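Biologist: Could you take me through one part of this model closely, starting from a single side chain and working outwards to the helices and the surface? Please keep to what the coordinates support.

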Amino acid sequence: MTTNQMALNEVNMNDQDAVREFVASLLRRKGDTHPFADTDSLVLSGRLDSLDVLEIVVFLETHYAFDFGERPFDQQLLDSVHEIKDLIAVP
Amino acid sequence: MLATAAVLFYFRGVRDPLVIVLLAGILFVPRHTWTLMAIGGIYWIPSLLKGGFGFEQRAIGTALALAAAALLWVIVHHWPAGFVGSSPRLALLGIFGAALGAALLTPAGGVSVVLWSLVAALSACLWIFSFALTDRAEGSPWSNAAMFFSFFPAALASTTPFFKRPSAMRRMAAKNAEERAIIQLKGLKLLAWSFLLSLVWGTLDTLWGAVGIPKLTDAIAASSAHHPPAWYLCWASLLAGFVDAVLRTAIWGDTVVAGCRLAGFKLLRNSYRPLESRTVVDFWNRYYYYFKELVADFFFYPVYMRCFKRHPRVRVLFATWVSVGLGVPLFHFVRDIDVVRQLGFWRALTGYHVYLCYATMLSIGIGVSQIRKMGAPRTPPGPGGSFWRARVLPISGVILFFCFLQVFDELRRTVPIREHLLFLTRLAGWAG
């Protein structure tokens, strides 16, 4: 593995950790301390509501300069940690 | 399970035997679930058309609306970069507006009836067509038509789609036989719950009539005629009207969700403990979940993602005003398009001022509540404060807000706002 690949993996891992921690904090605020996998549905399952979706949007805009105004938005894009990470990965 | 569902559906007013035939098909031949749901859903669309149309007129209107939607679907999928492909919702609204304009301008006669039946069919299906047209996932139009299953026959008809996009529907479908069985049992349980709630509603309705509490619309009419009920009866009418609305929405929504769960789809409940809400936005989320989702999807997110990004509070308030203050009235204007046929366009529009006031006040309440909630610390809810301060006061405040608001929740368009304001003075004991 090259140094660049290692650095990239590290960044990806940090991204995933940051997203996961943010989502966990949203769940904790609602008193939801149940564990969740990265692929678990959070919005469609009702664990996160539309107000939480807004917080995730602001989080992505602030930390990753993400602009949802440039593409059609659907809550499903943010349904799981894995999907949020996929969004960040798309240039 | 099927027999119990049939009995419960019967007592809940769903007496179309096709519901049970379809559920039986889904239960015994689950691989044909989507086809069966598509057949049922499309079969029920004509029952959604308001306006006293005959069967043939309903069928023609439905066929024309489906043809228009199919044409748009083809354009969106073949030319995604064009105007229709990039803005299918605007294109659909444009078709609806054009059909309405043509219907208003055409002299009474055969063509006019056909146009009005098309307008009625489009008004019934506008939002579900919009969801289908904006779904990025691949899927055949036929399987996508299964979304219509959430309409159910006339007794439960609504223009609010419960399944949203076909791709969301696929995610909610049971993944295996065991999961399907669990979801179906939950559906049966929810159906029993909606039946119990309907008994409570019937008992309360009888009780209120027996002790002389007038319906809110009757109380407002009596107030306008200068024979207002006593102030305490006005208050009782307000509270009874609120409880009535909450129960009706829960009973109806739970029955629809129960049907979808019996078909093997893991839908969230439409109403989930709304009377436990401690904020206005929480109540809005819990009271009528699928309508809130529709409003968020069509109006809130597009505005929120594009406007006032550097001003977080203004951003939330503006998006909420557009979605609730304008989007909610637009939804009801489209839904009740038969009123335009009855009253004429101008009267139907100007008579809408009371509901526009209602929507504006609701948008302010929800906007402020959202800002307060978003600024709250990200810590788990604790026991903090007394039961009185932590629960009783906030819950009472939310109930009081929605009680007052329903005075203006007027869709008839024939009662001017001064009558509603007059009723508010009756609550304060003024009987002049």
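Modeller: I will begin with Asp297(B), which has its place in helix H14 of chain B, a helix that covers residues 289-304; the model that I am describing is a predicted one. Asp297(B) has a relative accessible area of 3% and is therefore buried, since that value falls under the 20% limit. If its neighbours within four places in sequence are left aside, the residues in contact with Asp297(B) are Arg89(B), Phe131(B), Lys164(B), Arg165(B) and Pro302(B).

From this buried residue we can turn to a pair of helices in chain B. Helix H15, residues 312-335, packs with helix H18, residues 353-374, at an angle of about 150°, and their axes are 8 Å apart. The crossing in which H15(B) passes H18(B) is right-handed. On the side of H15(B), the contact is made by Arg313(B), Val316(B), Leu317(B), Thr320(B), Trp321(B), Val324(B), Gly325(B), Val328(B), Pro329(B) and His332(B). H18(B) contributes Tyr355(B), Leu356(B), Ala359(B), Thr360(B), Leu362(B), Ser363(B), Ile366(B), Gly367(B), Val368(B), Gln370(B), Ile371(B) and Met374(B) to this contact.

The surface of chain B offers another feature to inspect, namely a nonpolar patch formed by Leu104(B), Leu105(B), Phe345(B), Trp346(B) and Leu349(B), which together have about 550 Å² of accessible area. Two elements of chain B, helix H6 (88-105) and helix H17 (345-350), each give two or more residues to the patch, and the largest share, three residues, comes from H17(B). Leu104(B), one of the patch residues, lies in helix H6 of chain B. Leu104(B) counts as partly exposed because its relative accessibility is 35%, a value that lies between the limits of 20% for buried and 50% for exposed.

For the wider setting, chain A can be described as a whole. Chain A holds three helices and zero strands, so that its elements, read from the N terminus on, run α-α-α. Of the 91 residues in chain A, 48% count as buried, and the accessible surface of the chain comes to about 4,600 Å², with 56% of that surface belonging to carbon and sulfur atoms. When the contacts in chain A between residues at least 6 apart in sequence are considered, 51% of them join residues that are at least 24 apart.

Methods:
Residues are numbered from 1 along each chain as its sequence is written. Chains are lettered from A and ligands numbered from 1 in the order in which they are written. This is a predicted model: local features need pLDDT of at least 70, side-chain atom pairs count only at pLDDT 80 or more; totals for chains, interfaces and linings use all residues. Side-chain values use heavy atoms; hydrogens and water are left out. Patches are made of residues with over 30% relative accessible area and no salt bridge: like charges are joined within 9 Å, nonpolar side chains (Val, Leu, Ile, Met, Phe, Trp, Tyr) within 5 Å. Accessible areas come from the Shrake-Rupley method with a 1.4 Å probe; for residues, only the protein chains shown count as cover. A salt bridge is a side-chain nitrogen of Lys or Arg within 4 Å of a carboxyl oxygen of Asp or Glu. Helices (H or I, at least four residues) and strands (E, at least two) are DSSP runs, numbered from the N terminus. Buried means under 20% relative accessible area, exposed over 50%, partly exposed in between (1.4 Å probe, protein chains only). Contact means heavy atoms within 4.5 Å. Axes are lines fitted to C-alpha atoms, for helices over the stretch in contact, and angles run from 0 to 180 degrees between N-to-C directions. A crossing is left-handed if the near helix is turned anticlockwise from the far one by less than a right angle, and right-handed if clockwise.
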